[in-house]
Every structure is written in structure tokens, then in C-alpha cells.
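Dear colleague,

I am passing on the structure below, and my notes on its salt bridges and on a set of paired strands follow underneath. Please read them with the model open.

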Amino acid sequence: MLDAKKIKQAMEYRELIDVLMSDKHFADIVLYQGNVINVLTREIYKADIAIKGNYILMVGDADKLIGPETIVVDVKGKYLSPGFIDSHMHFESSMLTVTEFSRLSIPSGTTTLVADPHEIGNALGPIGMKAMAEEASLVPNHVHLVVPALTPDCPGLETAGYDVTSKDMAEILNYPNVIGIGELQGFSNAKHVYRNTPEVITDLLASTVYARSIGKIVDGNAPELFGNELAAHIISTAGECSCHETTTKEECVEKLRQGVYVFMREGSTQRNMAECIRAVTEEGLDSRRCILATDDMVAEDLEKLGHMNEIVKRTIAEGVNPVEAIQMVTINPATYFGLKDRGILSPGNLADIAVISDLNEMKVEAVFLEGKLVASQGQLLIDLPKYTYPDNVKNSVKCKPLKEEDLKISASGNEATVRCIGLIPDQNLSESLELRVKTQQGAAMPDVKQDALEIVCVERYGRNGSIGKAFVKGFGLEQGAFAESVAHDTHNIMAVGTNLKDMVAAINHVIEIGGGIAVAKNGRIIEDLRLPVGGLITDELTGPEVSKKIATLENTVKEQLGCKVHAPFMHLSFLALSTSPKWKITDQGLIDVNNFEILPPVVE
């Protein structure tokens, strides 16, 4: 039986047919004599695009569809592309609401977002994910959610605010705007999950098979998996899947050959497209299952660089034909997600169109969303009311303030050999190092000269009060510390610093403000940002305001603390990602990801 939406669509389609077949009805808008990018045939040719209501009437010669009230837009010399799709992203990483992210991304040609709310899902469970889905229903662009089937990703190795399992799937997967299950990180480390927590696989299969049974998609997550392990991971998704954690050409080749849709990640700190695209440019593989995605973008990059247009530009610079690169943000993701009403410029599809003035530089001049001009010359032309989240997704930080004693790493003698995470810029991956540091009053101490800083992860939900401690190399801090309630994926409080006094000051300030970022020097807070929504997002600032505030925070960490790595807060947050090799830190301790075990921070 047809629902109200389908009946409405049938009536709208009848109106389209009347316009096309009679001489009494006309198009609302005609984009006249543009260079149409046909992602079906990989061609560019001159044609008109006629629009009626929300839909494309036809692509071709539209002269007969122009009536006295038709708006004719001369786009000679411009390129007309389907609106862009970001196939895998997290609003939480931008620290923006759905509304503010949309405000920044729509003018650059992005008309569809597929978001994975597993950050707020780890912090708050179904309550947080539903709250995000509700906001998604209010924005003018298309926002779909793919939800986690498991939180935390590594039970026993980390603590989340809520434990999502198959018991939650019927409720969450049938919620409005939810189209499937997000990245299946619970079976990323396939061999060790099978050996150590096989019950996780059983539970994941219950979720993924159920999702497929109701027509939902399931995203994969298979870093450095080949052969049997990759095959097992694909099967765990109960069918066709994606992977956005591919970092080498060899991985990309293997996954494409096995039917995986490779989401070539190119975000603010994780940039893997240039390596992955070599499977196409050097090995000549078919690119139909290659998709561009950002995963994690900061507000400043969205505001100053753009969104998917910027990623397409970088892909073209790697030697990919512009139309082929555009396929990776249009028809390819639309095919994967089953979004049959967009991704191509054809009759009956939604009139989501990006008008591009420079193809190689991907300069988006105007954006149409469901037939309406919503952005021009980089400026949003429609009003997006500010969105405020309900109180039930706030106040998620429930741990008690700490003392310096709580952060000490016990060690005997005058010196100690300590295990040290090696930060790799622009990657989720990390190194495993051992360094000699001095001890003081029975504790191993940070060594600024070696860039051996202390790193901690503090459980913030009031569930067990655990604190993971280790060392890290790569930030280059010379003094001070900073902390944040953003720590992928369980989002406990992370801190890194040159001394315990400043680390405690930063952590306690994050607790005091109910989640956010804090920078400390000489025992006092010198800069901060409140993130009240799940300790991850601000609904108090606009996108540009967040961009400016993060720039101020990063400049403070660089100028006053001496930090050497760009985007330090995002880099710190990913050092808690317990599904990505080699060493990471959670509230349970230093995690050897490859061997699925907790390591002591001091080598005995």
C-alpha cells in the first residue's frame, strides 16, 4: 500500500509528464547551454537542464519547455554536475551541529551527507543518536545516518558511556533518517576478535543480518586486512560493504577485487586518497567502487577550503579524469547506498545540481537543492535557524576531579624504559616505541628533550573511574598541557602534557565545563572551548565561530606550548582509537591493537 509520500510523488511525476508532453505547461527553471557532466557515460557535452518543482524534467534541448514565467539561467561555459555526496563523515569531529555543518558545506556543492553518529552513540547511546537524527530531519539538504552496531568497539579494552549491542538494533535502525549500520569496527581486528571475544562476532551478525533483512546497508571497517581476515570481515557485514580505513595501494587493490566499496578518505588529518587512487591510476582498476569521503573535517577547513569539491580537486591533481573523480562523489556513492533519486542528472531525479566555473580547480559557483537556488558565489542564500539540543544529551561528564597523584606512572630506580606511542601525522595508525626517561619520587617523568610526553585517558561517564597512562612522541610540546573530551571512539577525556600539574588542571577544567577542550600552562587555564552536547559538539556557536575558536586554540597550543603538529586536538583524539594499529591508549591502559592486549606503560 502506498504511503502519503509516494502518493505525493506520483502526483508530482504526473505534473512533470504534463510539462513534457503538452504545450500548456512549462519548466520552472532552465539552466541554459551548460556543459553537462554525464556520470553515466563519463562525457561532458553542451545541453540544457530543465527543472520543475523538486525534480529534473529533462537534460537536452529545453527550448520548448521555456514559458513566459520560466526562469532561464545562462550557464554557458559553466559545468553542471550532480550534487556531491559525502559518504562517510562524523558531525562530532567538526564539533558542529548538523545545521552548522550544513551551513558550511552546502555552498561548496555538497547536497547529501551520510553521517555515522557512533561518537555520540558511544557517549550517550540511542538517546544521542536519535537526537542527531531529529536535527537531521530539519535541514534542507539530505542527511542520512548509519548507526553503530556495537559500542564500545573493543569490549574489555575500553569503556563507553553506553553499551550498544544487537538488542538496540530494532529500535535504532527503524528510526527516521537511519539507513543502515555504520563502520563495523567491532570486527576490524578480525583475528584477535575471533580468538579473544568470539561472542562479539555472533552479536554483530545478529545486527547485520537483521539490517539486511529490512533493506539497510552495512559499512565495513577493515584496516590492513587481507585474505581470510578480509573475507571474514566482508561476510560479517552480511553482504556488500565499504571500508574507509584503506591506507595503501595494495590494500585498495585487494579490497576492490573482493567487491568492497573503498571509501578513499581525505579529511583534515587522515589523508589516504593519494595512495589509494594508485589502484586506478597505476594498476588500471575500474573505479566504480571507489568513493571519496572525508570521515573527519574540522570547521576551519570546511569554511576556508571547501568540502567534497576540495577532495575532488585533490583527486584530479593525482591524475584522475575530472568526470571520473566526480563519479566518486555522485553516482558511485548513490549506487552503494541505493539513493536512486540522486547522483546523476536525469529525468525524475531530484534537482540537486552544482554549477562549476572551473573544473580542475572545482570552483563551485552555485548550488541547486531540490530545484531551489540555495547558494551562490560561496554564500548560502537560505536561512538555517540555529538548532539547540535538548538537555538529555548534555551533562555527559560525570567523573570526579583528579589529583596529580592519579596520573603518576609508577617506576623504580633513577631511570625507566617506558612504552611510547609514536604519533604519525595525518594517519589513524601509530608507531610503537620504547624510550628511557628519568624517574622522580617513584614515577616516570615526561622528557621534553626527547619529546616523550605523558598521555592519559580518563573514564568520564562515572562507570568505573579508570585511567589509562602511557607516553607519546610526536606533539613536540615544550611546556604545558591540553585535554579534551573527544577521544575516538569512546570519548573519554584525553590529555597530553609536559607535566602533571598542567595535565590535571586541563582535565579538571574539562570536567568542570561539562566537556570540551582546555589548554593549561603554569597551572592555569589559558584557553578553552565548551562542548556541551555529549562532550563532543557545541550548539552555542556557529560554524564560523567554531572555526575561529579552534584556530585560536590551535595557535595557543603552537605559540605558547610549542606544539609541532597541526590539528593537535584531532590528532590527540585518534590516539584512543583502539581498532587502528599499532599502539593506542584507552581508559583501560596502553593498548597493543595488533595483539588485542593491555600493556604496562613501564617495561619491567
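**Salt bridges and strand pairing**

Lys-394 and Asp-539 are both buried, where buried stands for under 20% relative accessible area, exposed for over 50%, and partly exposed for what lies in between (1.4 Å probe, protein chains only). The side chains of Lys-394 and Asp-539 form a salt bridge, with 3.0 Å from N to O; the term covers a side-chain nitrogen of Lys or Arg within 4 Å of a carboxyl oxygen of Asp or Glu. This pair connects distant parts of the chain, 145 residues apart, since Lys-394 sits in the loop between strand 17 (379–380) and helix 17 (404–407) and Asp-539 in the loop between strand 26 (524–530) and helix 19 (543–559). Helices (H or I, at least four residues) and strands (E, at least two) are DSSP runs, numbered from the N terminus.

As to the basis of these statements, this is a predicted model, in which local features need pLDDT of at least 70 and side-chain atom pairs count only at pLDDT 80 or more, while totals for chains, interfaces and linings use all residues. Residues are numbered from 1 along each chain as its sequence is written, and side-chain values use heavy atoms, with hydrogens and water left out.

By the salt-bridge rule, the count comes to 31. One of them joins the side chains of Arg-436 and Glu-415 at 3.3 Å, N to O; because Arg-436 belongs to strand 19 (residues 430–440) and Glu-415 to strand 18 (residues 415–423), the pair ties together parts that are 21 residues apart in sequence. Arg-436 is partly exposed, at 44% relative accessibility, and Glu-415 is partly exposed as well, with a relative accessible area of 41%. Elsewhere, Lys-249, Glu-275, Arg-278, Glu-282 and Glu-283 are joined into one network by salt bridges that share partners.

The strands that hold Arg-436 and Glu-415 are also paired with each other: strand 18 and strand 19 run antiparallel and are joined by nine bridges, two strands being counted as a pair if DSSP finds at least two bridges between them. Within this pairing, Arg-419 stands opposite Glu-434 in strand 19. The hairpin of strand 18 and strand 19 has six residues between the strands, and there Asp-426 takes a positive phi near 65°.

Strand 19 also pairs with strand 20 (residues 443–444), in the antiparallel sense and over two bridges, and Gln-440 has Ala-443 in strand 20 as its bridge partner. These two strands form a hairpin with two residues between them, and Gln-441 in the turn has a positive phi of about 50°.

With best regards
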